[in-house]
Amino acid sequence: MVNIIDHLIQVFLLRFLCLQMASATATYGQKESSDQNFDYMFKILIIGNSSVGKTSFLFRYADDSFTPAFVSTVGIDFKVKTIYRNDKRIKLQIWDTAGQERYRTITTAYYRGAMGFILMYDITNEESFNAVQDWSTQIKTYSWDNAQVLLVGNKCDMEDERVVSGERGRQLSEHLGFEFFEASAKDNINVKQTFERLVDIICEKMSESLDAGDPAVTGAKQGPQLTEQPAPPHQDCAC
């Protein structure tokens, strides 16, 4: 009886997530059609364990807002922000993903087409730091081979509760081949700098690929084809 109830809960959850993602994709399509005046569009994902501060990080960057209340992301959400870098107008499509294991199959479908990842851990949570290697493996498994990644140790304002030193974060980032930031969504430390550095790296790599004539990154709007929306994972979603 318990197994049947668990199964029904999972089916309901998957159906809810499919509806949520369909709604998010439709909303994005409306925003996209209303503003086509940009040079490039980059799809960026924020990933990492639950409660590391991904949503707060996104809201601080996109809206310059912060709320101390923790609300777990259900499935996936996104925001759009337009910035100027090197005389180019760049639209960022930033996806905030749920960190819980039960959402992995669905959220990894959104890795496709992502040009950049912010892989985040919480400096006060050893488990979230230990999970970085697994998240890195997921990026390599599900994303484009040339996707750029920054490792971010969030909540650096909570120095009294720190369990992961900055040196350990730097060592891990060097081992994985990522650049590294410590940041705080609460105190607005290195939030803007993180996104801008990731955009700069993407632009640098994109320029190198274009100079080399790589057809994988050429497309409309004089830049990479980054707007493709992933289809819901029908093979795993009972909807």
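Which aromatic cluster do Phe-57 and Tyr-61 belong to, and which residue completes it? The partner is Phe-195: Phe-57, Tyr-61 and Phe-195 form one aromatic cluster. Keep in mind as you look around that this is a predicted model.

**The overall layout**

Let's start with the big picture. The chain is built from 7 helices and 6 strands. Read from the N terminus, its elements go α-β-α-β-β-α-β-α-α-β-α-β-α. There are 239 residues, and 48% of them count as buried. Take the contacts between residues at least 6 apart in sequence: 76% of these join residues at least 24 apart. As for the outside, the chain exposes about 11900 Å², with carbon and sulfur atoms supplying 50% of that area.

**Rings that meet**

Back to the aromatics. Searching the whole structure turns up 8 aromatic pairs. One of them joins Trp-95 and Tyr-110, a tilted pair with 4.8 Å from centre to centre and 50 degrees between the planes. This pair links distant parts of the chain, 15 residues apart: Trp-95 belongs to strand S3 (residues 88-97), while Tyr-110 is in the loop between helix H3 (104-107) and strand S4 (116-122). Are these two rings' residues buried or exposed? Trp-95 is buried at a relative accessible area of 0%, and Tyr-110 is buried too, at 3%.

Then there are Tyr-121 and Phe-129. Their ring centres are 4.9 Å apart and their planes stand at 70 degrees, so this pair is edge-to-face. Both Tyr-121 and Phe-129 are buried.

Rings also have charged company here. In two places the charged end of a lysine sits over a ring, as the table shows.

| Lysine | Ring below the charged end | Distance from ring centre |
|---|---|---|
| Lys-79 | Phe-59 | 4.5 Å |
| Lys-81 | Tyr-61 | 5.2 Å |

Tyr-61 may ring a bell: it is also a member of the cluster with Phe-57 and Phe-195.

**A buried threonine**

Now have a look at Thr-194, which is found in helix H7 (residues 191-211). How accessible is it? Thr-194 has a relative accessible area of 0%, so it counts as buried. Setting aside neighbours within four places in sequence, Thr-194 is in contact with Phe-57, Ile-118, Leu-150, Val-152 and Phe-181. Phe-57 is the one you met in the aromatic cluster. Ile-118 is 76 residues away along the chain, yet the C-alpha atoms of Thr-194 and Ile-118 are separated by 8.3 Å. The side chain of Thr-194 also reaches the backbone oxygen of Asn-190, at 2.5 Å.

**Cysteines**

How many disulfides does a search of the whole structure find? The count is 0. For reference, a disulfide is a covalent bond between the sulfur atoms of two cysteines. Cys-156 is buried, with a relative accessible area of 15%, and Cys-203 counts as buried at 14%.

**Two unusual backbone angles**

Most residues other than glycine have a negative phi. Asp-87 goes the other way, with a positive phi near 65 degrees. You will find Asp-87 in the loop between strand S2 (76-85) and S3, and at 81% relative accessibility it counts as exposed. Lys-155 is not a glycine either, and its phi is positive as well, at about 70 degrees. Look for Lys-155 in the loop between strand S5 (148-154) and helix H6 (166-176).

Notes
Residues are numbered from 1 along each chain as its sequence is written. This is a predicted model: local features need pLDDT of at least 70, side-chain atom pairs count only at pLDDT 80 or more; totals for chains, interfaces and linings use all residues. Side-chain values use heavy atoms; hydrogens and water are left out. Rings of Phe, Tyr and Trp (its six-membered ring) pair if their centres lie within 6.5 Å; planes under 30 degrees apart count as stacked, over 60 as edge-to-face and the rest as tilted. Helices (H or I, at least four residues) and strands (E, at least two) are DSSP runs, numbered from the N terminus. Buried means under 20% relative accessible area, exposed over 50%, partly exposed in between (1.4 Å probe, protein chains only). A charge sits over a ring if NZ of Lys or CZ of Arg is within 6 Å of the ring centre and within 35 degrees of the ring normal. A disulfide is a pair of cysteine sulfur atoms within 2.5 Å. Contact means heavy atoms within 4.5 Å. Accessible areas come from the Shrake-Rupley method with a 1.4 Å probe; for residues, only the protein chains shown count as cover. A polar contact is a pair of N or O atoms within 3.5 Å; within protein, one must be able to donate a hydrogen and the other to accept it, and residues adjacent in sequence count only if both atoms are side-chain atoms.
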